There are 2 protein chains.
Amino acid sequence: MTVYGFSPSGNCHKVRLLLEQLGRDYRWVEKRSDDGSTRTPEMLAKNPNGKVPFIELDDGRVLTESNAILHWLAEGTSFLPDDPWLRAQALSWMFFEQYSHEPYIAVARFICGWTPIDSPRRADLPRLRERGHQALAVMERHLSSQSWFSGDRYGIADIALFAYTCVADHGGIALERYPAIRDWLSRIERTPGFVPMSAPDPAARALIDQSA
Amino acid sequence: MTVYGFSPSGNCHKVRLLLEQLGRDYRWVEKRSDDGSTRTPEMLAKNPNGKVPFIELDDGRVLTESNAILHWLAEGTSFLPDDPWLRAQALSWMFFEQYSHEPYIAVARFICGWTPIDSPRRADLPRLRERGHQALAVMERHLSSQSWFSGDRYGIADIALFAYTCVADHGGIALERYPAIRDWLSRIERTPGFVPMSAPDPAARALIDQSA
């Protein structure tokens, strides 16, 4: 299996983290998502939506969308509950992540680290941060009574939500007011086979520091 | 089962359409999503994310996120393929819908029909329409070689994508240039048990007409 991904992307890191924790073999092909590398004719032939991550099987079949990839990889493993209702709850959190969490927390981070310091997109940051905090408040509430988002054990909904929550501060969204989220992040970092996300490169790090 | 939903919402209509096509019994509780009705204390106790649709079982358990609800309802039916790879492809299209389609096509429609004619949000319409057309181009390409988004037959990925595609013109996104999409919409309208989405109320209809 080949994974096409951009290492500092949380959506891409989700796939790497699960593959590592499952002990699966895979090849990683690095493709930046901020310079057009995912929209070349060769890449658009594989994913017409022009995004990473996606996986390509040895027979050429392609699966796109990070959370659909997680769900497919986790089938039949402990990372996805057997119980239909718990599976549905995990999937619900994964749709929450892509609709109510990532578009604010990941996009704020992308703007801070991967757009010029004078980008007009920076005018969106206050609204993105406000909506990001709304998503975190929903997560904090859940974690006040439950340990995980994937039923009664760690699984793919946790991986999906971990990806950008653990770097929310890159987008100017601090986690100080969310003690249950901070405990949950620590629990995930102690799961077997955990691998951290790649740090932003020095240029992105400098932009993030200037955006604080 | 009780469905909480706003009838002119495509996300809510998805649930109604599948329940009707499955012949399931359900109670529908109408909750507008444009006037705070989904964020009352009573509603936030059921869905802390403050959105509709969600379903509530007779024992009080709640499932949120339209596409997670579809997936749960379709399990074991012809609306979700048995083959794991085809299931994964259907789920991939459902994540595409929530990330790359709905935030443009549904939001453009909402702004046109459910915000004042002088709303500052209307400045977003050109960008939303451009991104909406990008999503439709990806769908058109798929439909040029395949009939459905849920494997080899009509299913929940088709329902998910149908919901806002069929009313894209309300947001000023015309379907003229997408013959395969128009054929696919017609095929869906002829599936057994199909029910159309509620028309916008007269106030929304008037705003849509003024927004063209």
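These questions and answers walk through a predicted model, starting with its confidence and ending with a single residue.

Visitor: What is the mean pLDDT of chain A?
Guide: Because this is a predicted model, the predictor's own confidence in each residue, given from 0 to 100, is a sensible place to start. The model as a whole scores ipTM 0.97 and pTM 0.98. In chain A, 100% of the residues reach 70 or more, and the mean pLDDT is 97.

Visitor: How many helices and how many strands are there in chain A?
Guide: Read along the sequence, the chain follows the pattern β-α-β-α-β-β-α-α-α-α-α-α. Counted by type, the elements of chain A come to 8 helices and 4 strands.

Visitor: Which radius of gyration does chain A have, and why can that be said to agree with a compact globule?
Guide: The C-alpha atoms of chain A fill a box of roughly 50 × 45 × 25 Å along the principal axes, and 47% of the 212 residues count as buried. Of the contacts with a separation of 6 or more, 69% join residues 24 or more positions apart. A compact globule of 212 residues would have a radius of gyration near 17 Å, so the value for chain A agrees, being 17 Å.

Visitor: How far apart do the C-alpha centres of domain 1 of chain A and domain 2 of chain A lie?
Guide: The domain assignment divides chain A into domain 1, covering 2-74, and domain 2, covering 84-210. Between the C-alpha centres of these two domains of chain A, the distance is 19 Å.

Visitor: Which element gives the largest share of the side of domain 1 of chain A that touches domain 2 of chain A?
Guide: In this contact, 17 residues of domain 1 of chain A meet 21 residues of domain 2 of chain A. The elements giving two or more residues to the domain 1 side are α1 (10-22) and α3 (66-74) of chain A. The residues of that side divide into 5 nonpolar, 8 polar and 4 charged. The largest share of the side, 9 residues, comes from α1(A).

Visitor: Which element gives the largest share of the side of chain A that touches chain B?
Guide: The contact between the chains takes 23 residues from chain A and 23 residues from chain B. On the chain A side, β4 (62-64), α3, α4 (84-114) and α5 (125-143) each supply at least two residues, and the residues of that side divide into 12 nonpolar, 8 polar and 3 charged. The largest share, 11 residues, comes from α4(A).

Visitor: In chain A, which residue has the C-alpha nearest the axis?
Guide: Chain A can be laid on chain B with an RMSD of 0.0 Å by a turn of 180° and a shift of 0.0 Å along the axis. The two copies are therefore related as by a two-fold rotation axis. The same surface serves both copies, since 100% of the contact residues of chain A recur in chain B. In chain A, the C-alpha nearest the axis, at 3.1 Å from it, is that of Y99(A).

Visitor: Is S198(A) buried, exposed or partly exposed?
Guide: S198(A) is found in the loop between α7 (179-189) and α8 (202-210) of chain A, and, not counting residues up to four places away in sequence, S198(A) touches S7(A) and P8(A). A residue is buried with 20 or more other C-beta atoms within 10 Å and exposed with 12 or fewer. S198(A) has 14 such atoms within 10 Å, so it counts as partly exposed.

Notes:
Residues are numbered from 1 along each chain as its sequence is written. Chains are lettered from A and ligands numbered from 1 in the order in which they are written. This is a predicted model: local features need pLDDT of at least 70, side-chain atom pairs count only at pLDDT 80 or more; totals for chains, interfaces and linings use all residues. Domain bounds come from an automatic or database domain assignment. Two residues are in contact if their C-beta atoms, placed from the backbone, lie within 7 Å. Ala, Val, Leu, Ile, Met, Phe, Trp, Tyr, Cys and Pro count as nonpolar, Asp, Glu, Lys and Arg as charged, and the others, Gly among them, as polar. Copies are superposed by least squares on the C-alpha atoms of residues with pLDDT of at least 70 in both. The radius of gyration is taken over C-alpha atoms; the globule rule is 2.2 Å times the number of residues to the power 0.38.
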